[in-house]
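Welcome to this short tour. Please open your viewer, and we will go from the whole view to single side chains.

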Amino acid sequence: MIDFRYHVVSIIAVFLALALGLVLGSTTLQGTVTHNLSKQAARVTAENRADERKIDDLEASLSNEEAFTAATESHVVA
């Protein structure tokens with residue numbers, strides 16, 4: 001029959017393994033995760049800036065086309 005000491009030792013062993021896994025996992029992966037997140041953030045920032053430039057170019061093009069349409073509308077409609 002299993003006594004109370006066996007349960008206590010098993011629970012302590014589980015928590016020690018969990019603590020050891022957390023400590024080792026957080027220290028060994030910290031540099032890799034930080035590096036990867038920094039690279040991803042820089043890539044997303046660069047993509048965002050490129051998209052903002054495209055939006056500015058498209059807005060300028062739309063403004064020019066609207067100005068052209070307003071200037072030629074009376075001649076084309078007549």
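What does the accessible surface of the protein come to, and what share of it belongs to carbon and sulfur atoms? The total is about 7200 Å², and carbon and sulfur atoms account for 66% of it. Keep in mind as you look around that this is a predicted model.

**Stop 1: the whole protein.** Show everything as a cartoon. The secondary structure consists of 1 helix and 0 strands. With a radius of gyration of 32 Å, well over the 12 Å that the globule rule gives for 78 residues, the protein is more spread out than a compact globule. Turn it along its principal axes, and you will find that the C-alpha atoms fill a box of roughly 105 × 30 × 10 Å. If you colour by burial, expect no buried core: 0% of the 78 residues count as buried.

**Stop 2: helix α1.** Now select residues 4-77, which make up helix α1. How far apart are its end C-alpha atoms? They are only 96 Å apart, although a straight helix of 74 residues would reach 110 Å at 1.5 Å a residue. Next, centre the view on Q30, where α1 has a kink of about 45 degrees.

**Stop 3: a nonpolar patch.** Select F4, V8, I12 and L16 and show their surface. Together these residues make a nonpolar surface patch of about 420 Å². An α-helix has 3.6 residues a turn, so residues three or four places apart point the same way. Pause on V8, which lies in helix α1. Is V8 buried or exposed? The residue falls in between: its relative accessibility is 32%, so V8 counts as partly exposed.

**Stop 4: the salt bridges.** Side chains of opposite charge can pair when their charged atoms come close. How many salt bridges are there to find? The count comes to 2.

Begin with R5 and D3, and show their side chains as sticks. They form a salt bridge whose closest N and O atoms are 3.9 Å apart. R5 counts as exposed, at 64% relative accessibility, while D3 is partly exposed at 39%.

Then move along to E47 and R43. In this salt bridge the closest N and O atoms lie 3.4 Å apart. Why are E47 and R43 separated by about one helical turn? It is because they are 4 residues apart in helix α1. E47 has a relative accessible area of 42% and is partly exposed; R43, at 45% relative accessibility, is also partly exposed.

Note on methods. Residues numbered from 1 in each chain as written. Predicted model: local features only at pLDDT ≥ 70, side-chain atom pairs only at ≥ 80, totals over all residues. Heavy atoms only, no water. Helix = DSSP H or I, 4+ residues; strand = E, 2+ residues; numbered from the N terminus. Expected span 1.5 Å × (residues − 1). Bend = angle between axes of the 7 residues up to and from the residue. Patch = residues over 30% accessible without salt bridge, like charges linked within 9 Å, V, L, I, M, F, W, Y side chains within 5 Å. Areas by Shrake-Rupley, 256 points an atom, 1.4 Å probe, with all protein chains shown as cover. Salt bridge = Lys/Arg side-chain N within 4 Å of Asp/Glu carboxyl O. Buried < 20%, exposed > 50% of the residue type's maximum accessible area, 1.4 Å probe, protein only. Rg over C-alpha atoms; globule rule 2.2 N^0.38 Å.
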